[in-house]
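Grab your favourite viewer and a coffee. Try each exercise on your own before you read the solution under it.

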Amino acid sequence: MTNQIPVFFEKDEFLINQKVNFLKFECEYKIFDLEGVQVGIVRQKMSVSKKILTLFIGKAMLPFFMEIIDMEGKTLASISRPWAWWIAKVSVRDGDGNLIGHIKHVWKFLKPTFKIFDSQWQDIGEISGDWKAWNFKISATDGSNIGNITKKWAGVMKEVFTSADNYRVSINPEYAEDTNKIVLVSAAITIDMVLKESK
């Protein structure tokens, strides 16, 4: 695919900072570049009925919906999951609501692994690693490295992001900037949310 993608997804480094919302059910994450400039936000949307169900039913079963939004308020991508009775399957859509990919949560060698597919369920990569240490590798189907997700910081941002609720997504600059990158980046920058909702 060579479709033009939003400028946001042309970036190769994303710093994710969870915003603490006291007394609220929805999760929210701010997205920064390496210079500490906010470039977007991940916002979960939850109906009143789901908020009530959350009090009685485990989150791993409930559906969820979140959007990646730029600083102008434009929706760049969305991630959603229907009711999950066993293995979580997540859909990824572009800013216009077109289905562009899927995320499937599997267990591989006793470690959480997320298989990433395009809209036709063609395998394009996976995210796997150590959840406790927060050290994930983003790999292509041939095993080559596409990027990493880590809580290790460098430079000026090391002093800014000191909370445990922050992580960094790095994408190989040589990876093609197409629809597949939107799917992979969307999966990577929402990995904390997907993991929490899959527990």
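Four exercises follow, all worked on a predicted model.

**Exercise 1. Work out the overall make-up of the protein: how many helices and strands are there, and how do the strands pair?**

Step 1: Count the elements. You should get 4 helices and 12 strands.

Step 2: Trace the pairing. The 12 strands close into a barrel, running β1-β2-β3-β4-β5-β6-β7-β8-β9-β10-β11-β12, with antiparallel pairing. Ignoring direction, neighbouring strands of this sheet are turned by 20° against each other on average.

Step 3: Zoom in on one pair. Strand β2 (residues 28–32) meets strand β3 (residues 38–45) in the antiparallel sense, over 5 bridges. Looking across from Tyr29, you find Val42 of β3 as its bridge partner.

Step 4: Check the bulk numbers. Of the 199 residues, 49% count as buried. The protein exposes about 10400 Å², and carbon and sulfur atoms supply 55% of that. Among contacts with a separation of 6 or more, 39% link residues 24 or more positions apart.

**Exercise 2. Is His102 buried or exposed, and what does its side chain reach?**

Step 1: Locate the residue. His102 sits in strand β7 (residues 99–108).

Step 2: Compare its area with the cut-off. The relative accessible area of His102 is 7%; buried means under 20%, so His102 is buried.

Step 3: Look for a polar partner. The His102 side chain reaches the backbone oxygen of Ser119 at 3.4 Å.

Step 4: List the surroundings. Setting aside residues up to four places away in sequence, His102 touches Val90, Ser91, Lys115, Ile116, Phe117, Asp118, Ser119, Trp121 and Val183.

**Exercise 3. How many residues of helix α3 are buried, and which residue caps its N-terminal end?**

Step 1: Go through residues 179–189. In α3, 11 of the 11 residues are buried; among them are Lys181, Val183 and Ser186.

Step 2: Check the start of the helix. Asp178 is the N-terminal cap of α3, with a side-chain oxygen 3.1 Å from the backbone nitrogen of Asn180.

**Exercise 4. Find the largest nonpolar core: how many residues does it have, and which element gives the largest share?**

Step 1: Size it up. The largest nonpolar core has 44 residues.

Step 2: Pick out the hubs. Those with the most contacts inside this core are Phe8, Ile31, Ile116, Ile127, Ile149, Val169 and Ile189.

Step 3: Assign the shares. Helix α3 gives the largest share of this core, 7 residues.

Step 4: Follow one hub. Apart from neighbours within four places in sequence, Val169 contacts Asp12, Glu13, Phe14, Ile16, Asn148, Ile149, Ala188 and Ile189.

Key
Residues numbered from 1 in each chain as written. Predicted model: local features only at pLDDT ≥ 70, side-chain atom pairs only at ≥ 80, totals over all residues. Heavy atoms only, no water. Helix = DSSP H or I, 4+ residues; strand = E, 2+ residues; numbered from the N terminus. Buried < 20%, exposed > 50% of the residue type's maximum accessible area, 1.4 Å probe, protein only. Contact = heavy atoms within 4.5 Å. Areas by Shrake-Rupley, 256 points an atom, 1.4 Å probe, with all protein chains shown as cover. Polar contact = N/O pair within 3.5 Å; in protein donor to acceptor, adjacent residues only side chain to side chain. Pairing = 2+ DSSP bridges. Axes fitted to C-alpha atoms, helices over the stretch in contact; angles between N-to-C directions. Core = buried A, V, L, I, M, F, W, Y, C linked by side-chain atoms within 4.5 Å.
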